[in-house]
Every structure is written in structure tokens, then in C-alpha cells.
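Please look over the model below before you use it. My notes follow the display.

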Amino acid sequence: MGQNDAVPFLLLIEDDDAIRTALELSLSRQGHRVVTAATGEDGLKLLREQRPDLIVLDVMLPGIDGFEVCRRIRRTDQLPIILLTARSDDIDVVVGLESGADDYVVKPVQGRVLDARIRAVLRRGERESTDSATFGALVIDRSAMTVTKNGEDLQLTPTELRLLLELSRRPGQALSRQQLLRLVWEHDYLGDSRLVDACVQRLRAKVEDVPSSPTLIRTVRGVGYRLDVPS
Amino acid sequence: MTARNDARATSRGAAGAGAGRGTGRAAGAPGGSGDPADDLAPAGPVGRPGGRAGRGGRGGLLAGIRLSSLRLRLVVVFALVALTAAVSASGIAYWLNREAVLQRTQDASLNDFRQEMQTRAAALPVRPDADELRRTAEDMANGGSGYRVLLVGEGEPGKQTIGASDADRFSLRDVPAGLRTQVDQERQVDSGNEFPYHLFWVRIEKGGTPYLVGGTRIIGGGPTGYMLKSLEQERQDLSSLGWSLGVATLLALLGSALLAQAAATTVLKPVHRLGEAARRLGEGRLDTRLRVSGTDELAELSRTFNNAAENLQKKVADMSAREESSRRFVADMSHELRTPLTALTAVTEVLEEEGESLDPMIAPAVALVVSETRRLNTLVENLMEVTRFDAGTARLVLDDVDVADQVTACIDARAWLDAVELDAERGIMARLDPRRLDVILANLIGNALKHGGSPVRVSIRTAGDELLIEVRDHGPGIPEDVLPHVFDRFYKASASRPRSEGSGLGLSIAMENALIHGGDITAANSPDGGGAVFRLRLPRDASAIAGGDGDGPGASQPDKRDKQRDKHDRRGKKGGTDGGA
């Protein structure tokens, strides 16, 4: 994540030769450095060897599928993952987001759109201010881009971190899912609200004492989410 | 006839046993006034109670029974049959009884009278005086048979002397003239007729009481004797018999009504069950079966029903399997198409960007490949959307949105801001699927711009729990014959909708998207002739339709999704029929 100033280095895991070649061609033209893998196993090996900035991951893979790849990466790593999915498989999206993906694009995807998503995800890790904020046991250090809870470092993905930052910037104020999609994911008005829901779930699992009855990140019915300052 | 012959036989026997003077010739002459021409008026009481019972019984049964119902008809038919049978049986029984009773009384009285005439009246002198006649008459009357006697003799030649046992109640005036004529008439004695005089009788009614009047003449000169016997006792007996028969008829009628009820119930219960089953079958519950018991016609009917239902179920299952496989084929096909399209789409941009530096001969070809790839993309995307609706796998991803913002964003994203007038207030919040709302709006507005021309007017209103979005264009409107088909797939009215535009699925997909929200779209022409009007109606909160609220963790719980799918399956079927209408 320290290579944001350099050319983005992507790992593309896609089993279909034509799509892999075409996407590699397109992404390379958009100014990315791309390595590709045809299976999940190869992809995981390449991930360990080459340390890319971001992974573009097809869901339908022979052998271990995209979700499993995603889960295995998340066990040790917080690097951004964008899923390549088919919209017809609505459940795929939900499962993919639950397994830890940061964003998803629907096939067939235009290179330009994928590029925009990649850059948006990478931007989430960029620091923008130098202060810090405290919410009970939770300390958000905006200069170091770290979050600690009871003094322990929390491993957050860039998307989770950005979501927490956006919420912490307006404590006590409810933000709608569409607002959060624009602020965090940089999506247009048609952003998928499930991205927000899934990300909130993952974030709660990491920052809340009891994730099923959250005290920090609260759901505001009919509106969206709110970060509360503990009294 | 038998009665008269018997009477004659006894009279002969009596004559033979007589004093040898040939007195007491008495018997009914054929065709005489002795025919029991009158009536004891017995039929009335029998008929009337029956009739009353019939009417009364039917009136009671009518309560709570639908006229013209099978039950009522059965009851009426049973009652009619019972009435006919009871009335004819009672009638015959009454008639036979009446004849037997009257005949017996009559025979006894007349025989007794003849006997008395032979023993007492014949003993009178040839010219008895009134006193003798009266005494003899009294003696005869007191014989115990309970009749009164009137003796008419010739005290002096040409002069009538009358002696009565009870002159106040039986005088010669009471004897019908016809009977007197018959009695007094002397008949020629020949081989067929042994005696010049016979005994005649007739039934009369006096002061409301029936009487038997008999008369005869002593052969060889002597008084003429008449008797009057009251038949009041017999009438009373017959009358009570009539009443008994009437009551029996009434009971038979009641019994038949009850039987009819029972029969109707045994017949109608299976019929009702059959009707109920047919109704369920009609509602689409094809697994409806009847329990078959017995071997009667109704059981046969139930069996036929079961067979029909089974065949229907099999046929429907066949058809839906076939439909399912063709649907799956389309779904698989569009999936398969997507893989090459994904590769193509990824590289079209490369081609596009290089387009300007290409050979002018090649550039148009590249541009064509790029644009047609996009169109193919749209088509496949729409096709997959349709198959998702058909398969019932389409889901709502609900979010709370400001409707005016969504509409503005939709118009803005397609660079339609100049061509669309938006009439909406900000702050109308709704819980719906923003992507699907966008699809609906894009299709409706795009369609209006294509066929109606700008300006297109979009207005947003709320009515109770509903959101009403109206898209109005200023074009020529939609021809009346096309109007019912605008939401059909691939339906294009040749003149107004050129083939080159759109995929032919746009409005159909818009409709499906509205239906999955629990809303709908209607198309009409503006009544003032100002073009076509599409009205989109959506619930302001689609959570109830979606099943889950999509809020936080709930959105991804599988059970909620299943529920959502179930709901959609129903909606999808409904949508399918609507869309195809």
C-alpha cells in the first residue's frame, strides 16, 4: 500500500483466456502493471511472490472459487479486492461482499469503468488529514491511517478504514447508504447499497465489543448509518 | 249387480219359505231407482286433509331451501309420489269399505223388512183399517232393526189408508214418488220374471241425514209397506275412516319429505364435495383429489374427476417443464454469450481510442464493431434481465432514496436534462430498488423521447402509500391497436417504431421492474390529444413485497432471501401474464 504514487500493480485472476487477455490489454493501456493467473491457486501463489496493490478476481474459477480465494486472502491480508461477477447471480454479490471483497464489477465490463473502480479503491488508503479522533476505546489516527482499540492495532482494509473515517468525520450524524457510496466507493447514484451493508458488517466485527448489538456504528432505520460518541 | 242378484235370491228364498201365499216379492229391479245414486259425501274429507297436509308440509320445508335447488325438487317429487300413492290407496280403501258397509246394513235392513212384511203385513186383512195398519207398522218397527215403517192399505176400494210406526218422522211425503211408482207398478209374470211386484230401495237425504228407503207390496193384494232406515251411524263410521285415511296420507307425506331430505343429503353431499374440489382445481391446486368410496354413479363421477385432475396436473407439469427447459436454454445461452462479449467489450475501448489514427478505410469498420458490440451488450443484458424475471431469481435491493434526486440523476446521467421537464418536489422519500427505478425511468423517458419527441414531462406525486410518476410526451400518441401491446416483448408497431431502435424489451423490462416492487405501469393517450402518458405506480415502501428490509445484517440472511424469492415467484407469474396480454 505504500506504492500509491507508483504505477498501480494489479493481479488479475480470471480463467477465461479471451477475457484475461482482453482485460490485461485494456488495463495495461489504462496505465496499470498487470500480472495474471488462470486459477485461484496460481493467484494465491502469485500474491505471495509479487505483493500486488490490488486484486481483480473472477468469481467463477475452476478449483477453489473466487469467494474462497477472497476468504483466504482476508485471513492474512487487507489488500483491496475487486470481484468480477455476473449480475444475474445476485447471491454471488452478497456472498462475495461477505467474504471480504471491497467492490465488484459486473461482466461485461468496460475497461474504463474497471479502471475507475480500481483507482477509487486505491485512493481509499490515501491519507488526507493529520488529526486523530477517539470514540471510547477506539482511536482513529488519521495521520498514520491506523485504528487502535484498547491500544491494539486493528487490521482494516482500505475500504473499511475509509468508511470509518467518513463516519467519524460527522459523529452523531446519520449518513445514507447512497451518501456513503459516493464518499467511500465514489459510485454514482446507482451504487449498490449492499456494499455499504456488507462493509459495515465487517467493520462492526472488528471495532464493536459485541458486533450483533453495536454501540458505535448504529443503524438508523429509513436513513443509513451513524457513528455514535459513547457517553 | 251382485248385490241386487243376491237381494233377489234371498227374496226368492224368503218367498219359498213364506206362508205359501206368494207374498213378499221384493227385489231391486234392474235399472230402477234403487241404484245408489246419492252420495254420503265421503270423498271430501279424505281429499281435503291430504291437500292441506301437502301445502302445509311444503311451506315448512321451503324455509331455508333455495327455490329450484335439487333438494327442493327432490322433496317435491317425493311428496307428489307419496301423495299420489296415499290418495289412490286411501280412495280405493275408502270406496271398498263404503260399499261393503252400506251393502251390509242395507241387506240386513231390507231382509228384515221383507221378513216383517211376510210375517206381519201379509197377515193383515185385505182391507185393513188405519188402526190395524198403524199397529202392525209399530210391531214391525219395534222388531229391533231400527227402521220406521209405513203401511199403505186400501181400507175401502179406491181409498187409501195409511198406518205409520212414527207418523211425525216418516210419512208418505218422505217416500220419493219414483220409488212409489216402481213399487206400485205391476209387472208381467213371464219366464224371466216370476213375480208381479218387487222390493225396491233408494237412498235419500232428509234434513242432512242419509236414509235408506225401501218399499214393496204384498203379492195377491195387501198393504204396500215402506221402511225408512237412518244411515247416520254408517256415515259417521265412514267419515271417521276418511279422517283416518287422511291422517295416514298426511303422515306418508311427511315421511316422504323426510326421506327426500335424507336422499337429497346423500346425493348432495358428494355433489357438494365435487363442486368444492372443482373450485379448488380451478384455483390452480392441481393436486386436488376426491376420496372415492363405493361403486355408485357418484363414485364413478369422482373417479372421472380424479382422472381428469391427474391428467391436467401431468399436462401442466409437462408444459411447465418444457417452458422451464426453454427458459433455461435462453438463460444459459445469454450466459454463454456473455463470456465472449466480456472480452470484446474490454478491447472495444482500445479500438475506439485508436480509431482516429486508423486508416480511413478501416476506421468505419472499427466504429461499427464498437457500436454493434455495445448494442449486443445491451441486448444480452436485457435478455438476461428478462430470464431472471421469468425464472423468479430477480431480487430487490432496497434503499431509502429521495425520488426527485434519483429521477434527476437518471436524466442527468443520460444527458437528457435539456429535453425533460421535471415537476417534482425534493424530499419525497421512498424505499425501493434504485437501480430498478433507474431502469424503469430510463426506459419510459427514453421511449417518450424516441417516439414522442421533446419536451418530455415527468411529474412525481404521492398518493397515500403510493408513489405516482407520470411520463408524458408531446408526440402523436400511441395508436389504439398498439396500446394493449406496448409492454409486450419484441412488439413493435411497424410504422411508429422502427426496427433499428431499442432492443424491443425495454418497456417489458420496465413493467417487470414495476411489478417486482408491487407496482405497475399503465399506458394511455392524453385525453386532450397531447401525446402518450405512461403512469408508474410504486409503493413508497417496497419492504413488504421484498420480504426483508434489507437493513444491515438482515439483507443477507438466506431465509429472508428465500422468502423474497417466493414472493417474487408469484409476482413473476403475475407479471408474465400481464406482460403477455
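The points below cover confidence first, then chain A and one helix pair.

1. This is a predicted model: local features need pLDDT of at least 70, side-chain atom pairs count only at pLDDT 80 or more, and totals for chains, interfaces and linings use all residues. Residues are numbered from 1 along each chain as its sequence is written, while chains are lettered from A and ligands numbered from 1 in the order in which they are written.

2. The predictor assigns the complex an ipTM of 0.81 and a pTM of 0.59.

3. Chain B has an average pLDDT (the predictor's confidence in each residue, from 0 to 100) of 76, and 80% of its residues score at least 70. Residues 1-64 of chain B stay under 50. The model has 113 contacts for them beyond four places in sequence; a contact puts two C-beta atoms, placed from the backbone, within 7 Å. Residues 548-581 of chain B are also below 50, with 54 contacts beyond near neighbours in sequence.

4. Chain A contains eight helices and 12 strands. These are DSSP runs, numbered from the N terminus: helices are H or I, at least four residues, and strands are E, at least two. Among contacts in chain A with a separation of 6 or more, 55% join residues 24 or more positions apart.

5. Helix α6 (residues 158-169) of chain A packs on helix α7 (residues 177-185) of chain A at about 120 degrees, axes 9 Å apart. Axes are lines fitted to C-alpha atoms over the stretch in contact, and angles run from 0 to 180 degrees between N-to-C directions. A:T159, A:R162, A:L163 and A:E166 in α6(A) meet A:L180, A:L183 and A:V184 in α7(A).
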